[in-house]
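Here is a short briefing to read alongside the model. Have the viewer open and follow the topics in order.

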Amino acid sequence: MSTIKKIVLTGGPCAGKTTARAYLMQKLGDLGYHVIFVPEAPTLLLENGVRPGPGLLSVESFQQTVLDLAIDLEARYERAAAAMPESAKPIIICDRGILDGIAYADDPIQFIGWLDQRGLTKVTARDARYHGVFHLRTAAVGAEAYYTLENNPARLETPEQARSRDQCTQAVWMGHPH
């Protein structure tokens, strides 16, 4: 793992990951860090017309595209951070990590196979890629009145689905040392 810290913000839909971005950029910036924020791959795709659906991509093809884009984005942002002088104190924060895809895949076992095809295991994708993981709880758990689809056009989940995704994302990161 590189010396540049890479942290994942994860959690269910409407957990506050996007809101946390501005806060973390400000607070870490105040501490002298240059924050590099890796955007969420599925949102980039969905907001730009790449989506699963009848006559479009299969869910399987979409999820593999998300996985490949997330791996590629992280690698490119890591290279950019590595090119900065150490005095810039770069830190990378990922809006979701690659394992979050397990919570959205129709077949989690198949997702593990896709990791294998890319030279990764669930453990290496979890423990060796990221220095820390912060799981933010969806508003659909305990703050249902604040759960909304309005502030994110890529969010499609009902509150029940959001709770399920939240539990799944938490489960896939369990075991990470930090």
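The buried residues of helix α5 are covered by elements that include α3 (59-82), α4 (101-104) and α6 (122-128). This is a predicted model, so please read the distances and angles below as values computed from it.

**Helix α5 and its two faces**

- Helix α5 spans residues 108-117, and its buried residues are Phe 111, Trp 114 and Leu 115. These three sit on the same side of α5, because the arc they cover around the axis is only 100°.
- Turned away from that buried side is a face with the exposed residues Ile 109, Asp 116 and Gln 117.

**The ends of α5**

- At the N-terminal end, Asp 107 acts as the cap of α5, with a side-chain oxygen 3.1 Å from the backbone nitrogen of Ile 109. Ile 109 also belongs to the exposed set on the face turned away from the buried side.
- After α5 comes Gly 119, which has a positive phi, near 75°.

**Aromatic rings**

- The whole structure contains 2 aromatic pairs. In the pair of Tyr 130 and Trp 173, the ring centres are 5.4 Å apart and the planes stand at 75°; an angle over 60 degrees counts as edge-to-face, so this pair is edge-to-face.
- This pair joins distant parts of the chain, with the two positions 43 residues apart in numbering: Tyr 130 lies in the loop between α6 and β4 (132-136), while Trp 173 belongs to helix α7 (residues 159-173).
- Tyr 130 and Trp 173 are both buried.
- A ring also meets a charge: the charged end of Lys 89 sits over the ring of Tyr 33, at 4.3 Å from the ring centre.

**Cysteines**

- How many disulfides does the structure hold? The count is 0.
- Cys 94 is buried, because its relative accessibility is 0%. Cys 168 has a relative accessible area of 32%, so this residue is partly exposed.

**Asn 48 in its loop**

- Where is Asn 48 found? Asn 48 lies in the loop between α2 (41-47) and α3, and α3 is also among the elements that cover the buried residues of α5.
- Is Asn 48 buried or exposed? Its relative accessibility is 60%, and exposed means over 50%, so Asn 48 counts as exposed.
- The Asn 48 side chain nevertheless has a polar partner, reaching the backbone oxygen of Leu 44 at 2.6 Å.

How values were computed. Residues are numbered from 1 along each chain as its sequence is written. This is a predicted model: local features need pLDDT of at least 70, side-chain atom pairs count only at pLDDT 80 or more; totals for chains, interfaces and linings use all residues. Side-chain values use heavy atoms; hydrogens and water are left out. Buried means under 20% relative accessible area, exposed over 50%, partly exposed in between (1.4 Å probe, protein chains only). Helices (H or I, at least four residues) and strands (E, at least two) are DSSP runs, numbered from the N terminus. The arc is that of the directions from the helix axis to the C-beta atoms. Contact means heavy atoms within 4.5 Å. A polar contact is a pair of N or O atoms within 3.5 Å; within protein, one must be able to donate a hydrogen and the other to accept it, and residues adjacent in sequence count only if both atoms are side-chain atoms. A disulfide is a pair of cysteine sulfur atoms within 2.5 Å. Rings of Phe, Tyr and Trp (its six-membered ring) pair if their centres lie within 6.5 Å; planes under 30 degrees apart count as stacked, over 60 as edge-to-face and the rest as tilted. A charge sits over a ring if NZ of Lys or CZ of Arg is within 6 Å of the ring centre and within 35 degrees of the ring normal.
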